[in-house]
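Thank you for passing this model along for comment. My notes follow as numbered points, to be read beside the sequence and the coordinates.

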Amino acid sequence: MTTSTIDEPAAGCHSLVLRLPSDADPQHLLSGALPDPVRLWQTSVPAGADEPMAENRRRAESLRPIHRDGPPLRAVLLRYTDGTADLVLVAERAVVPPAALRRIVRRALGGPAEEGDVLPAVLPRPTAGRPGPARRRGPEWGLGDTELHGVVGSARIDLGGLGGLGEEAERLLLPAIVLALSRYGGGSRAELGVLDLGDGTDEAVRVHVVEEQPDCSAAEFLRRFDQDPVTPAAPHEPPSFGVGVGVVLSPAFEEGSYTATLAPAFALTVQLDRGASHATCRFDRGSVDASVAQRFCEHVAYLAAQLTHGPGERPLAEVELVPPAEREAILRTGGTSDTPPVRGRIDRAFEQVAAARPEAVALLADDDRLTYRQLNDRADAVAAGLAALDIPPGSLIGVCLERNAELVVTLLGVLKAGCAYVPMDPRYPAQRLRFTTQNAEVPVVVTSAAEFPPVPGVRLLTPAALTELGADRATTAVRPSDQGDGDKGDGPAYVIYTSGSTGTPKGVVVPHRNVLALLRATAEDFALGPDDTWTLFHSSAFDFSVWEIWGCLLTGGRLVVVPYWTTRDTEEFYELLVEHGVTVLNQTPSAFAQLVRTDRRVRGELALRLVVFGGEPLDVRMLAPWFARHPAADCRVVNMFGITETTVHVTAQTVTPREVVTGSRSVGRALPGWSVSVRDERGRVLPPGVPGEIYVGGAGVADRYLGLPELTGQRFVVDGERFVLDGATGERVYRSGDKGRLHPDGRLDHLGRLDNQVKVRGHRIELDEIRTVLLGAPRVTAAAVVVGREDPDDPASSRIDAYVVLEAASDRAGDPAPAGSAPAEVLAHARAKLPDYMLPTTITQVPGIPLTINGKPDVSGLPDPRSGSAATPPDAHRRPEAPEQPPAADGITDDILSIWSKFLNTPVGPQDNFFTLGGNSLLVVRVLAEMRERNLPRVSPKQLYEHSTAAQFVEYVRQLAEAAR
């Protein structure tokens with residue numbers, strides 16, 4: 001592997017190094033061979049021809065491009081101390097083609113001029129029309145370093161194992177490169193640029209566009225290659241034309257060492273000298289990493305060997321990109337999941353902490369302040385209550401409580417009873433609560449919600465009632481060790497329901513050992529311990545809460561439970577962080593973006609030493625103002641990728657200002673005990689740089705989907721790519737459905753989803769689930785759901801847009817509903833079935849859902865719901881309400897209507913409702929922050945929710961302003 005620095009115009013130049021006879025007189029030999037105004041430059045090199053100094057000088061001279069203001073040909077004679085000499089010719093190919101160089105070579109070697117020489121007696125002087133720098137688009141899988149732009153690397157494609165290709169080189173090498181590009185591109189289509197210099201005076205540029213058809217044979221692929229579409233380009237154009245990888249077919253120069261392009265003609269350029277047994281690969285390291293280029297060369301050679309040695313009728317899909325030994329090396333790069341298994345239970349681990357620190361504060365929630373001893377005792381009482389109900393160990397227990405002390409006590413008590421908890425958010429609609437209760441077959445739901453939907457055979461108990469039931473029950477009777485599971489931790493700890501593509505949520509069963517493994521993998525690196533104060537910010541039905549609760553309590557920290565409305569008021573939450581000296585904070589990027597804005601304005605004294613991101617992709621650029629106030633040395637920022645099915649977190653990447661500047665998409669390396677790999681659609685391991693589906697293995701892989709054996713088998717698979725290694729034959733891995741790519745050092749880039757699943761403000765959402773609900777609404781005959789952003793750089797502006805096709809009212813006898821009220825009716829239907837975070841921000845009526853040629857929804861053909869082009873009446877997004885008196889025109893009215901209009905991106909009138917116009921919890925925070933900046937009274941998010949029409953809200957703010965006078 002070699003590198004050099006090049007000038008962009010060098011792609012249009014070529015060079016030839018010719019060793020002259022020791023008795024040759026170059027000046028005499030070249031007399032008449034060099035046209036005007038070219039002259040022969042001579043220089044002495046203080047070394048023998050075979051010494052490193054001479055080799056370096058030859059190489060540097062042969063790669064030095066023609067100056068744009070000089071003649072298009074340069075001739076340099078290098079004289080060495082041993083009496084030998086090299087003639088180095090560098091020229092612009094468009095003016096001095098390969099055939100012209102041959103003329104000079106013949107004369108330099110003493111041969112006569114021949115008829116047909118094309119080099120003119122006088123070369124043209126430079127003109128303003130001489131081609132400028134070529135633009136090179138790097139391949140998506142290149143993983144280049146922009147700081148190395150213009151630095152050229154070099155590698156070789158060794159074709160010696162093919163027994164010498166000779167004239168077959170082009171026929172076999174080009175298909176092998178195209179096949180490699182197809183696999184590297186993660187699809188079936190590949191583009192290959194070819195710059196054919198030939199042996200004459202012209203050069204031809206063409207682009208091969210190949211569709212890989214896995215069902216055909218390898219032999220058929222070779223036969224079809226020449227028939228694939230080829231796009232010609234004009235002669236002498238800079239061969240960039242948007243193709244990242246290309247081949248230069250150069251003529252053979254037996255007389256010397258020929259370089260067809262001084263710089264890569266493409267971001268990654270393969271030069272094949274006709275008749276050679278190897279090819280040279282040169283690449284711009286700003287676009288392609290050196291190790292990625294080296295692997296690419298090896299894979300091309302491996303594919304060429306398979307295509308060469310009797311491909312026959314072997315299916316093309318069985319032609320492998322990666323050799324078996326390399327597969328294992330790549331899997332090791334993605335992490336090791338063969339660490340010793342973790343044994344134990346969450347509740348037993350907590351008891352050990354409580355025994356060591358009984359009087360330390362464990363939990364703060366409103367007016368409750370519990371020590372580890374008190375928390376342990378209260379949880380024992382909950383476990384005793386379950387035992388009093390004769391709930392068998394291993395049962396699933398529903399828990400639907402607000403974020404308070406009772407929630408944490410109950411979750412721990414359920415585990416102490418040998419059961420697993422099924423968390424449900426009290427703000428979920430009744431239908432979703434009922435579905436979860438029935439699907440999990442819970443015998444008991446612990447809830448304080450007065451309106452929890454009744455389910456036949458399911459007992460509803462408040463935490464107080466459950467504790468009272470077990471007041472006289474001996475807790476030793478319900479120890480998990482008496483239930484066969486012991487301390488192994490194989491039993492389930494919790495079941496969290498996630499959005500489902502079939503229209504119904506699915507429960508993920510996670511055992512105790514997974515949570516303990518997560519703590520083992522992170523506690524030392526993050527320095528988690530008794531001096532830390534954490535927050536429980538997230539809903540217990542969101543798996544980030546698993547990390548917050550047990551990450552804190554199993555490392556001896558202090559857990560501050562954040563009330564629901566405080567989580568919606570960024571300024572109030574910021575005050576809580578300062579008041580309690582919180583040191584470990586876990587946030588989705590969307591929520592933290594609001595906190596950064598508050599921090600810049602309030603500038604309080606935060607004690608944070610660790611911020612962990614999860615739940616959704618992080619755009620690191622949003623952290624620039626944070627690092628301006630909080631140096632990375634004082635507060636570590638970690639971006640973590642994870643999935644409910646793999647126990648919260650999988651990878652960790654420390655984010656510094658460098659990542660912010662480079663716009664890194666890395667989520668880091670796999671945690672100890674976890675492993676990640678990237679696979680193609682057939683489950684084959686892909687090399688670093690190549691995008692594909694992320695597979696996760698190791699200690700965090702969940703047991704199953706509850707009651708869904710077929711789906712479990714599809715997503716939790718035995719790894720067929722893990723070959724026998726040190727006695728191990730494989731492992732169970734989870735197919736995430738996420739798109740990613742590995743770096744050569746094992747870091748993972750997260751590139752979004754492969755399917756119809758999205759993350760909106762930290763929540764994992766299947767758009768198909770929303771679509772299924774919409775299709776169940778009256779009169780809806782077709783529907784589509786998409787996610788958009790008002791501001792591409794602001795995750796807080798994400799919204800769910802729904803489009804519906806409605807059956808005409810006249811088609812239904814007796815249907816009195818006017819067309820204008822239909823979208824509002826659909827929204828009401830969705831509100832009864834979906835949690836708030838899944839509700840569409842807009843519902844737009846359209847005459848039909850546009851389709852692609854493949855019959856899928858054509859998102860680009862859907863109208864902008866804000867543009868007015870949708871077939872939706874002006875009041876379609878508004879909730880029907882009794883008419884209200886418009887607020888009096890004054891400064892407060894004008895300010896609030898303008899603020900709402902700004903963030904809702906639509907004109908707002910007095911009767912408009914904030915949430916039916918597209919408002920969400922994060923926009924609430926931004927509206928209230930803008931009000932503070934305009935010196936309006938401080939309003940809590942709860943009050944905006946309670947006064948959600950503009951007229952109501954203006955009147956409420958006016959009353960606050962008058963009271964403050």
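1. A word on terms comes before the packing of helices on strands: contact here means heavy atoms within 4.5 Å, and axes are lines fitted to C-alpha atoms, with angles that run from 0 to 180 degrees between N-to-C directions. In that sense helix α3 (residues 98–108) lies across β2, β4, β5 and β11, and its axis runs at about 15° to β2. The model is a predicted one, and the remarks below should be read with that in mind.

2. On the chain as a whole, there are 965 residues, of which 58% count as buried, and the secondary structure comprises 26 helices and 39 strands. Among contacts with a separation of 6 or more, 70% are accounted for by residues 24 or more positions apart. The exposed area of the chain is about 38,800 Å², with carbon and sulfur atoms supplying 50% of it.

3. The sheet on which α3 lies deserves a fuller description. It is an open sheet of 5 strands with mixed pairing, in the order β3-β4-β5-β2-β11; at its edges are β3 (40–45) and β11 (257–259), each of which pairs on one side only. From one strand to the next the twist averages 15°. Within this sheet, strand β4 (residues 73–80) and strand β5 (residues 85–92) run antiparallel and are joined by 7 bridges, with Leu 77 standing opposite Leu 87 in β5. Helix α2 (residues 52–62) also packs on the sheet, where it touches β2 (13–20), β3, β4 and β5, and its direction makes about 175° with that of β4.

4. A second region to inspect is the pairing of strand β16 (residues 396–400) with β17, which is parallel and extends over 4 bridges. Ile 397 stands opposite Tyr 421 in β17, and the two strands, together with helix α10 (residues 405–416), make a right-handed β-α-β unit. How are the faces of strand β17 (residues 420–423) covered? Ala 420 and Val 422 lie on one side, Tyr 421 and Pro 423 on the other, and all of these residues are buried. As background, side chains in a regular strand alternate between the two faces of the sheet.

5. Turning to charged pairs, a search of the whole structure finds 37 salt bridges. One of them is formed by Arg 513 with Asp 490, whose closest N and O atoms are 2.9 Å apart. This pair links distant parts of the chain, since the definition of the elements places Arg 513 in helix α13 (residues 512–526) and Asp 490 in the loop between α12 (463–469) and β20 (492–498), 23 residues apart. Arg 513 counts as partly exposed because its relative accessibility is 25%, and Asp 490 likewise counts as partly exposed because its value is 29%.

6. Which class, buried or partly exposed, does Glu 693 belong to? The side chains of Arg 735 and Glu 693 meet in a salt bridge at 3.1 Å, N to O, and this pair too links distant parts of the chain, with Arg 735 in strand β33 (residues 732–742) and Glu 693 in strand β30 (residues 692–698), 42 residues apart. Arg 735, at 24% relative accessibility, counts as partly exposed, whereas Glu 693, at 7%, counts as buried; the cut-off for buried is under 20% relative accessible area.

7. A further salt bridge brings together the side chains of Asp 745 and Arg 747, at 2.9 Å from N to O. Asp 745 is partly exposed, with a relative accessible area of 37%, and Arg 747 is partly exposed as well, at 22%. Elsewhere, salt bridges that share partners join Glu 571, Glu 575, Arg 601, Arg 932 and Arg 938 into one network.

8. My last point concerns Val 638, which is placed in strand β26 (residues 636–639) and is buried, because its relative accessible area is 0%. Leaving aside residues up to four places away in sequence, Val 638 touches Phe 526, Leu 610, Val 611, Val 612, Phe 613, Ala 652, Gln 653 and Thr 654. The C-alpha atoms of Val 638 and Asn 586, which are 52 residues apart along the chain, are separated by 9.6 Å.

Terms used. Residues numbered from 1 in each chain as written. Predicted model: local features only at pLDDT ≥ 70, side-chain atom pairs only at ≥ 80, totals over all residues. Heavy atoms only, no water. Salt bridge = Lys/Arg side-chain N within 4 Å of Asp/Glu carboxyl O. Buried < 20%, exposed > 50% of the residue type's maximum accessible area, 1.4 Å probe, protein only. Pairing = 2+ DSSP bridges. Right-handed = clockwise from strand over helix to strand, strands pointing away. Areas by Shrake-Rupley, 256 points an atom, 1.4 Å probe, with all protein chains shown as cover.
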